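Trainee: I have a new structure to look at, and I would like to learn how to read it. Could you walk me through it?

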Amino acid sequence: MFFSKIAERANKSKRSLMLIYTIFVIIPILLIDGLVVSGVYRAEEATQEHLMENEANAINYTFFNQVDQAAKLGNALYSSFYVDRFLNEEYTSNLDYYNHYQKFFEDTLLKIVEGQSGLNFSIYLDNDTITNGGEFQKIEKAYDADWYKYMEASNRNKGLFFGRRKLADGKTVRTIYYFQRLNYYNSKSNNFVLIIIDYGKCSDSLANMNFENSAYICDSNRIIMTNSKYSNVNKDYDKKDDSLRIDYRQEFKVYGQDLTIEIVNKNNLFISVMKRRWYHFLFLILVNMSLPLFVSSLMNSSYQNKLKEQETFVARKNAELLALHSQINPHFLFNALESIRMHSLLKKETETSEMVERLAKLQRQYTEWDEDAVTIAQEVEFVKAYLELQKYRFGDRLSFDVDIDDECMNLLIPKLTIVTFVENACVHGIESKITPGWIFVRASSDDEFMTLEIEDTGNGMNEEDRKNLLRRMRFANIEMLKEKGRVGIINACLRLKMISDEETSFNLDSEPGTGTLVQIKVPVKYLKGLH
């Protein structure tokens with residue numbers, strides 16, 4: 001009996017150890033295996049999707065370039081006063097028309113353009129004095145054509161039509177038509193140009209990309225073009241196959257036509273995973289073969305490393321904010337004090353108390369950094385105080401208007417961001433301009449974005465400077481703060497990007513002698529509670 005109890009206890013202990021081993025070792029290892037395998041598959045799926053996205057973008061770009069050549073020719077004819085005058089001239093005889101016809105092509109070089117571009121065009125017009133033939137056709141000849149019916153039904157000034165046309169040998173082939181009404185100088189004109197885009201050339205360009213996957217350009221119910229079996233120029237367009245498994249779809253619009261690029265991935269996911277990521281599975285096998293007792297310590301070590309990484313990240317962000325704050329304060333204070341100094345000299349210290357009062361508001365804003373976020377309403381009060389202070393400096397040379405929608409007032413933004421752009425408008429826009437100027441501050445919001453605009457009617461900037469500043473705004477980083485030139489703007493852009501996970505967008509329009517417009521869009525979800 002004694003030995004039986006010992007055996008029973010041993011068996012019970014063994015069962016307990018097996019249970020602990022299963023719960024704390026086997027199950028975690030199985031979970032990790034599952035996570036690794038699913039992660040590898042997801043990573044490969046993401047890689048495949050990225051490749052298909054790149055293919056779709058390349059197809060989109062290539063197809064658009066083919067069509068855009070026709071559009072450029074159409075726009076040139078559309079906006080040419082010389083073409084319009086030729087088309088609407090009343091000719092006294094066929095000889096008179098022929099002489100003008102010869103001179104027209106000599107002056108416009110359209111024959112050369114047509115030959116170099118590989119595009120054929122016809123102009124249909126409502127002018128009985130022009131002889132029908134060559135590049136010019138009476139409009140009545142187009143009435144029964146499918147593309148003309150589409151143009152009339154769509155009521156568009158320009159667009160694309162995918163149809164068929166009959167060749168001289170009687171065959172009909174697929175054709176891409178580009179049409180454009182020639183009504184620039186007369187809105188009631190019925191004249192239009194029809195440009196034939198070589199379908200075969202476009203199809204060859206798509207096939208020559210040598211993509212491994214099957215790609216299709218489709219409209220709502222037809223396959224327009226593909227790099228596989230559906231691009232025979234002599235056959236009618238095939239209907240979309242609803243049973244076809246589409247792995248990636250990209251929608252785009254080209255001159256009025258809603259099209260999609262649909263891609264079928266020919267790569268087997270399992271085979272791709274084994275070819276590309278076999279080393280992940282080899283590593284997993286080695287881990288599973290090692291002593292399971294180390295799994296717990298490895299997981300704990302990984303967790304501690306991750307926690308340390310997060311702490312380091314938070315510390316770095318705090319250090320960055322401190323660096324930003326330390327750079328932004330002297331910048332405002334210097335300009336404010338300079339304004340007071342100049343005004344005191346000019347006014348012999350009259351009204352100085354009002355200026356000091358507004359300066360106190362500025363000083364209070366940038367010295368109280370307990371919270372980096374303020375409401376737009378608070379920031380606007382700061383902006384108004386700053387602009388009122390600058391009016392003492394510029395006098396009648398500066399006027400301003402602040403227009404903020406009510407729904408924006410309680411949104412939170414980093415402190416001193418709006419006023420940074422306002423100050424830039426004063427210093428670089430109004431200060432160097434002799435004539436009076438305006439500064440406008442506007443904010444509006446929809447369900448998705450808050451749009452902020454700071455506009456001035458100052459000196460503006462040339463195109464090179466505009467592009468350079470816009471690039472720095474969009475790609476603002478800590479390293480740029482060490483450089484010279486408009487650090488405040490980079491500072492503000494960086495802080496807006498930091499609170500919005502890089503989702504803030506910036507635009508900059510400027511014209512020398514006219515002014516500058518800065519537009520900033522921030523997703524509203526990041527402004528309801530800054531971290």
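Mentor: Gladly! Keep in mind from the start that this is a predicted model.

Trainee: Thanks. How many helices and strands are there in the protein chain?

Mentor: The protein chain has 14 helices and 17 strands. Of its 531 residues, 42% are buried. The chain exposes about 30,300 Å², and 54% of that comes from carbon and sulfur atoms.

Trainee: What do the contacts say about parts that are far apart in sequence?

Mentor: Take the contacts between residues at least 6 apart in sequence: 65% of them join residues at least 24 apart.

Trainee: Let's try a sheet. In what order do the strands of the open sheet of five strands come?

Mentor: Read across that sheet and the order is 8-7-6-10-9, with antiparallel pairing. Strand 8 (238-239) and strand 9 (248-254) are the edge strands, each pairing on one side only. Now look at strand 6 (residues 214-218) and strand 10 (residues 257-264), which share five bridges in the antiparallel sense. To find a point on that pairing, start at isoleucine 217, whose bridge partner in strand 10 is isoleucine 261.

Trainee: And strand 4 (residues 172-181): why is it described as largely enclosed by the rest of the structure?

Mentor: Count its buried residues, where buried means under 20% relative accessible area. Nine of the ten residues of strand 4 are buried, so this strand is largely enclosed by the rest of the structure.

Trainee: Which strands pair with strand 4?

Mentor: Strand 3 (residues 158-166) pairs with strand 4 in the antiparallel sense over nine bridges. Within that pairing, phenylalanine 161 has tyrosine 177 of strand 4 as its bridge partner. Strand 5 (residues 192-197) is also antiparallel to strand 4, with six bridges between them. There, isoleucine 176 stands opposite isoleucine 197 of strand 5.

Trainee: What should I look for in the hairpin of strand 3 and strand 4?

Mentor: Five residues lie between the strands of this hairpin, and glycine 170 takes a positive phi near 95°.

Trainee: What is the usual sign of phi in residues other than glycine?

Mentor: Most residues other than glycine have a negative phi. Two positive cases here deserve a look. Asparagine 210 has a phi near 55°. You will find asparagine 210 in the loop between helix 6 (199-207) and strand 6. Glutamate 502 has a positive phi of about 65°, and its place is in the loop between helix 14 (487-499) and strand 16 (505-511).

Trainee: Are those two residues buried or exposed?

Mentor: Exposed means over 50% relative accessible area. Asparagine 210 is exposed, with a relative accessible area of 67%. Glutamate 502 is at 53% relative accessibility, so it counts as exposed.

Trainee: Now the interior. Which residues touch the most other members of the largest nonpolar core?

Mentor: That core has 50 residues, and those touching the most other members are Ile376, Phe421, Ile439, Met450 and Met473. Helix 14 gives the most to this core, with eight residues. Another core, of 46 residues, lies apart from it; among its members are Phe86, Phe104, Leu119 and Ala215.

Trainee: What is isoleucine 376 in contact with?

Mentor: Set aside its neighbours within four places in sequence, and isoleucine 376 is in contact with Ile404, Cys408, Met409, Leu411, Ile413, Ile418 and Met450. Met450 is also on the list of residues that touch the most other core members.

Notes
Residues numbered from 1 in each chain as written. Predicted model: local features only at pLDDT ≥ 70, side-chain atom pairs only at ≥ 80, totals over all residues. Heavy atoms only, no water. Pairing = 2+ DSSP bridges. Helix = DSSP H or I, 4+ residues; strand = E, 2+ residues; numbered from the N terminus. Buried < 20%, exposed > 50% of the residue type's maximum accessible area, 1.4 Å probe, protein only. Core = buried A, V, L, I, M, F, W, Y, C linked by side-chain atoms within 4.5 Å. Contact = heavy atoms within 4.5 Å. Areas by Shrake-Rupley, 256 points an atom, 1.4 Å probe, with all protein chains shown as cover.
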